[in-house]
Amino acid sequence: MSEHLTVVDHPLVQHKLTLMRDKATPTSEFRQLLREITLLLAYEITRELPMTTKTIDTPIEEMEAPAIAGKKMAVVSILRAGNGMLDGVLELVPSARVGFVGLYRDEETLQPVQYYFKVPEGLEDRLVIAVDPMLATGNSSAAAVDLLKEAGARDIRFLCLLAAPEGVERMRTAHPDVHIVTASVDKRLNEKGYIVPGLGDAGDRMFGTK
Ligand code: URA
């Protein structure tokens, strides 16, 4: 992929996103919607996978049929909210390996602090899809990508539900090679680092915490 950012404006994605933004949407529905949107976004992020052909027999005749060229994949959840996007990607790519990066945001400095890192072997040969619903300041996303690159990853894409312009810019500066796919780039961040208008705290809304 050559461009840095793709905003998926498909009607289904945008409709589901509106339901997720609505503060009246309950936890169970929020989780289900996130899974569904992620599946649609994952469809977009895998659009340019390298292809090959293989010989198969249809009931009618032999043909050279298109097939994915066998690039191995890893989905890496940026904890904890990233976990809400895992199922959507895995439904589309069941053979993907799964990794986890644990970073929390210091509420004072808004800087990421690492507490967990576990990723599949052979990251250098895999397409790595990092997932986190909210690309806000971009600090934890950029830090997560730093860690993935240190672990060997060379082809990383970033899948999020919502992005702030500040987060997109931070990622573009820190990791211009990482293509971002999202459902929306919202207006801005507020003074607490929340995306405006956003949908609130994605982790709290999907896990029913406060
Ligand atoms: N993380 C969230 O969950 N929501 C935001 O608006 C920003 C960061």
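These are my notebook entries on a predicted model of one protein chain.

**Overall shape**

I started with the secondary structure: the protein chain has six helices and 14 strands. Next I pulled the extents, and the C-alpha atoms fill a box of roughly 65 × 40 × 30 Å along the principal axes. I then checked the radius of gyration, which is 18 Å for the protein chain; a compact globule with 210 residues would come out near 17 Å, so the two agree.

I also looked at how far apart in sequence the contacting residues are. Taking contacts between residues at least 6 apart, I find that 63% join residues at least 24 apart.

**Core**

How much of the chain is buried? I get 37% of the 210 residues. Nonpolar side chains tend to be buried together in soluble globular proteins, and that sent me to the core next. The largest nonpolar core has 54 residues, and the members touching the most others are Val128, Ile129, Ala130, Leu148 and Leu159. Helix α2, residues 27-45, gives the most to this core, with seven residues.

I picked Leu148 for a closer look. Skipping residues up to four places away in sequence, I list its contacts as Val76, Val119, Leu123, Val128, Ala130, Ala153 and Ile156. Val128 and Ala130 turn up here again, having already appeared among the core members with the most contacts.

**The annotated positions**

I looked up the UniProt record, an unreviewed entry, and under "binding site" it lists Ile195, Gly200, Asp201 and Ala202. I went through two of these.

Asp201 sits in the loop between β14 (195-196) and α6 (202-207). Is Asp201 buried or exposed? Neither label fits: I count 14 C-beta neighbours inside 10 Å, so Asp201 goes down as partly exposed.

Ala202 belongs to helix α6. With 25 other C-beta atoms within 10 Å, Ala202 is buried, because the cut-off is 20 or more. Which residues does Ala202 touch beyond four places in sequence? My list reads Ala81, Pro133 and Met134.

**A loop residue**

Last stop was Glu108, in the loop between β5 (97-105) and β6 (112-118). Glu108 has 6 C-beta neighbours inside 10 Å, so I noted this residue as exposed. I also took one distance from here: Glu108 and Ala136 are 15 Å apart, C-alpha to C-alpha, with their positions 28 residues apart in sequence numbering.

Technical notes
Residues are numbered from 1 along each chain as its sequence is written. This is a predicted model: local features need pLDDT of at least 70, side-chain atom pairs count only at pLDDT 80 or more; totals for chains, interfaces and linings use all residues. A nonpolar core is a set of buried Ala, Val, Leu, Ile, Met, Phe, Trp, Tyr and Cys residues joined through C-beta atoms within 7 Å. A residue is buried if 20 or more other C-beta atoms lie within 10 Å of its own, exposed if 12 or fewer, and partly exposed in between; C-beta atoms are placed from the backbone. Helices (H or I, at least four residues) and strands (E, at least two) are DSSP runs, numbered from the N terminus. Two residues are in contact if their C-beta atoms, placed from the backbone, lie within 7 Å. The radius of gyration is taken over C-alpha atoms; the globule rule is 2.2 Å times the number of residues to the power 0.38. UniProt positions are given in the numbering used here, feature names are shortened, and annotations may be inferred rather than shown by experiment.
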